[in-house]
Amino acid sequence: MCWWFYKSLPIFYGILTIYEVICGIFRLGIYYRFMQNGSYNYGKSLFDNGTISIARTTLSENRKVSQIVAGFIIDCISSLIPCMMGLFIIFIFLWFGYRILRLFCSCHHRARTNFHLRHLITNRRIQRFLLFNCNCPCYIARPKWRFLVRFLFITISIGLRVLAIILYATASTHTNDKFFSRTQKLSWICGITLPSSILTLLLDYYHYRVWWHYIPSCDQNPFHRRYLKKHRRFIPHHLMGAHRNEIQLWNEPCELRQFCFNQTLEHIMIFHYNTHTPTPRWCDVPNKDPLTTTYIGFHRTDAQAAVSIAYTDFRTSRTGRQMLGFGIYFARSSFHTQFKARRNGAVICAKILMGRVLEIENDELANVSNSDAWHQNFDTIYYRHPRNPLRDEFCIKSNEQILKWVMYIEPPFDTKVEQYGLHREFSDTLCNCI
Ligand SMILES: [Zn+2]
Ligand SMILES: [Zn+2]
Ligand SMILES: [Zn+2]
């Protein structure tokens, strides 16, 4: 439903920019006429510079002329994108004219001309180049950076344009001169371009929301979408660590690998492979304190259950055979959840307050399994795997120990990335950037 809006974002950007180009052409026209008049007036005043009163008016007029020139220069700088677009449109017209001229010479090229023109306008690289919306590889895994850069760029251009409006407006007030009141139009036309800059900013914000405040297709709640505060975000599968590229500059996985102690959940999911264990074995965790020590755990479930967790938190399972007793189960890495979980389709990476921990090995399993007797004395049962420390797992007694989480829905259960074309957004990047 919303995917067509996302996919036609370039069209909306294009419409806004063309609107600005049209306003820009009007401003250019007014400014040109103004400069012609100005030089004429200036020349006239040079001839009759006899009386003081005329000298005074030319002095203040000169000041106003230079103020409008300054305003126009600032206006130009703030209209960098429309300027580029304008040049592009002129280029297309020239090119088209050239093609038509050629058509008169030989009558066979029409179909090819149309094809090339369409090709030129729908080329996403050209669109990105014209809109100053480049595809730096550092943006592949960091949607926030793109938004911040765009936000900075657009706010600066809005600021400059406001400055230009003020310069135009103050130059044309307090005067009855027809010649100056005409320039008041400049500030008006400049003013009506501001909404389009703000709309561009909103479109950028929407783009950022789709990526970083992602909602998977399996969340069917169209309205009233209130996730728990603990639910930080869904991570679309094209952002996951498996899509990082060792040889692509700025898109590499975290270089510290297993020695990385960054416990930001997004960092773990996006910049590390699924075999990464962000926290050491519980017995190797230094300075353990039951009130503050946190641990990172991975939980696997199916897509529907994951979505309902986002709304209503984890539930402790009290049915079936439970190796470590009743509670919520976690593994040390996303990869090792695969062998334990009974359901499939979503991985949740959570930050957990461990509390009082009981570490057990194989021979002590009988004391805890299929019961909640340990809930009285402990908050967490940590099971040490006899052969492979990576396959350790733990069970917590209550969902209050879970501080926050991020989720990842696996591709067959989440079709939104394909539907929106998010995974292909960087595939046609030229020269690493455009
Ligand atoms: Zn770039
Ligand atoms: Zn970059
Ligand atoms: Zn790292």
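## A tetrahedral zinc site

The zinc ion (ligand 3) sits in a tetrahedral site, where the angles among its 4 donor atoms run from 101 to 116°. For reference, the ideal angle for four tetrahedral donors is 109.5 degrees. Keep in mind as you explore that this is a predicted model.

Which protein atoms hold the zinc ion (ligand 3)? The donors are Cys-254 (SG), Cys-260 (SG), His-267 (NE2) and His-272 (NE2), at 2.0 to 2.3 Å from the metal. Their spacing along the sequence reads C-x5-C-x6-H-x4-H. Cys-254 belongs to the loop between β1 (231–234) and α11 (265–271), while His-267 is part of helix α11, so this pair ties together parts that are 13 residues apart in sequence. Cys-254 and His-267 are both buried.

## A pair of zinc ions

Now to the zinc ion (ligand 1), which is coordinated by Cys-134 (SG), Cys-136 (SG) and Cys-433 (SG) at 2.0 to 2.7 Å. The donor residues here follow the spacing C-x1-C-x296-C. Is Cys-134 buried or partly exposed? Cys-134 is partly exposed, having a relative accessible area of 25%.

The zinc ion (ligand 1) also has the zinc ion (ligand 2) at a distance of 5.3 Å.

## Annotated transmembrane regions

An unreviewed UniProt entry lists residues 12–32, 68–96, 147–171 and 186–206 under "transmembrane region".

How do two of these look in the model? Residues 68–96 are 97% helix and 0% strand, with the end C-alpha atoms 36 Å apart. For residues 186–206 the values are 95% helix and 0% strand, and the end C-alpha atoms are separated by 31 Å.

Notes. Residues are numbered from 1 along each chain as its sequence is written. Chains are lettered from A and ligands numbered from 1 in the order in which they are written. This is a predicted model: local features need pLDDT of at least 70, side-chain atom pairs count only at pLDDT 80 or more; totals for chains, interfaces and linings use all residues. Side-chain values use heavy atoms; hydrogens and water are left out. UniProt positions are given in the numbering used here, feature names are shortened, and annotations may be inferred rather than shown by experiment. Helices (H or I, at least four residues) and strands (E, at least two) are DSSP runs, numbered from the N terminus. Donors are N, O and S atoms within 2.8 Å of the metal (3.2 Å for Na, K and Ca); water is not among the atoms, so sites may look incomplete. Buried means under 20% relative accessible area, exposed over 50%, partly exposed in between (1.4 Å probe, protein chains only). Four donors count as tetrahedral if all angles lie between 85 and 135 degrees; four count as square planar and six as octahedral if opposite donors are over 155 degrees apart and all others between 65 and 115; anything else is irregular.
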